[in-house]
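This briefing sets out selected features of the protein chain shown below. The points are grouped by topic for reference at the bench.

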Amino acid sequence: DFGQQPLNSGDQVIFSSDMRDNTIVVQLEGSYYGPSRFALPRDARLHELLDAIAVPRSMTDVNSISLKRVSVAERQQQALSESLARLETTYLSASSATPEEAQIRVREAELISQFIERARKVEPNGRLVLANNGTISDIRLQDGDVITIPEKSDSLLISGEVLVPQSVVFHANRNAKDYIAGAGGFTDQADEKRILVVRQNGEVREAADVILRPGDEILVLPQAPTKNLQLASTLTQILYQIAIAAKVAIDL
C-alpha cells in the first residue's frame, strides 16, 4: 500500500520496527590488522572479538585496551550537568549578610558563571577502563562501542596548567614534576598539589601514586581562585569530573 501512496510536500515518512535487532555493530581504533567494523551477535563478549583480531605485537600495547561507550558518556554528561546545576543553585542564589560579603559574592558569581558556561561545553568521551593489573575484563559488548587498541608509545604528554604544553620523549628516571619543569613549569593558575596522570587505558590517577609509563599524559589542574573553602572544594570536585570524563583541564 505504501508503494502506491502519493507524497506531498511537508509529509513525514516514519519507518519503525517492532522486532529487536539480533546484531550489534562495534568499531576498532588504534593498532590492528583487518576491518574496523564488526557486526556481532547481541550477546557477544569482548574477549571473543579480541581473539579474532590480529595486531602487530611489537607495536601494540595489548594491556591498555579500553572502550568508549555511548551510555557511559551519557552518564558522565548527566553527572557533570547535575554537579554544575548544584553549583549554580547553591552559590548564585545565596544571600549576603554585609556589603563586603555581597561584593565578594558578586565576583565569585561572575567566576562561577563563566566556569559553568565553559564546563557545559565539555563533551565526555565515555571511556570505560577495562584493564586491571594487566587483565582485560571480558565484558558484554553493546551496539556502538568503540574499542581502542593503542600503539606502544615512546613519548609522554604534558598538558593543563603548564607554560608550554608539549609531548616529550619518555625517560624512566624522571617524575611528573621533572617533566613539568621541562615544559616551562607551572602557570600562575596551577594547583601544584593536583597533578593527574592519564593512562593509555583511560585510567586517571594522582601523580604521586603512580610510576610514570610511556604513553601517559600528565594533566595539571587549575586552582580554585577563592577563599571560600566550600566553593573551592566544589569547584575542585567538578574539575576532577571533567578531567576524568574528557581529559581536559578547564581554566578558571
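**Strand 7 and its partners**

Strand 3 (residues 66-68) and strand 7 run antiparallel and are joined by 3 bridges. The model is a predicted one, and the points below describe the strand pairing, the chain as a whole and two individual residues.

*Strand pairing*

- Within the pairing of strand 3 with strand 7, Ser66 has Thr148 as its bridge partner.
- Strand 1 (residues 23-30) also pairs with strand 7; these two strands run parallel and are connected by 4 bridges.
- On strand 7, the residue standing opposite Gln27 is Val146.
- Strand 7 comprises residues 146-149, with Val146 and Thr148 pointing one way and Ile147 and Ile149 pointing the other way.
- Val146, Ile147, Thr148 and Ile149 are all buried.

*The chain as a whole*

- The secondary structure consists of 5 helices and 12 strands.
- The radius of gyration of the chain is 23 Å, whereas a compact globule of 252 residues would have a value near 18 Å.
- The C-alpha trace spans about 75 × 60 × 30 Å along its principal axes.
- Buried residues make up 40% of the 252 residues.
- Of the contacts between residues at least 6 apart in sequence, 67% link residues at least 24 apart.
- The exposed area of the chain is about 15100 Å², of which 48% is supplied by carbon and sulfur atoms.
- There are 34 negative and 26 positive side chains, and the centres of these two sets are 4 Å apart.

*Glu161*

- Glu161 is located in the loop between strand 8 (155-160) and strand 9 (166-169).
- Glu161 counts as buried because its relative accessibility is 7%, and the cut-off for a buried residue is under 20%.
- Glu161 and Phe186 are 25 residues apart along the chain, yet their C-alpha atoms are separated by 6.0 Å.
- Leaving aside residues up to four places away in sequence, Glu161 touches Gly185, Phe186, Thr187, Gln189, Ala190, Val220, Leu221, Pro222 and Asp251.

*Lys247*

- Lys247 is situated in the segment after helix 5 (229-246).
- The phi angle of Lys247 is near 55°, a positive value in a residue other than glycine.
- For most residues other than glycine, phi is negative.
- Lys247 is classed as partly exposed because its relative accessible area is 38%, and this class lies between the cut-offs of 20% and 50%.

Definitions and conventions. Residues numbered from 1 in each chain as written. Predicted model: local features only at pLDDT ≥ 70, side-chain atom pairs only at ≥ 80, totals over all residues. Heavy atoms only, no water. Rg over C-alpha atoms; globule rule 2.2 N^0.38 Å. Buried < 20%, exposed > 50% of the residue type's maximum accessible area, 1.4 Å probe, protein only. Contact = heavy atoms within 4.5 Å. Areas by Shrake-Rupley, 256 points an atom, 1.4 Å probe, with all protein chains shown as cover. Lys, Arg positive; Asp, Glu negative; His and termini not counted. Charge placed at Lys NZ, Arg CZ, Asp CG, Glu CD. Pairing = 2+ DSSP bridges.
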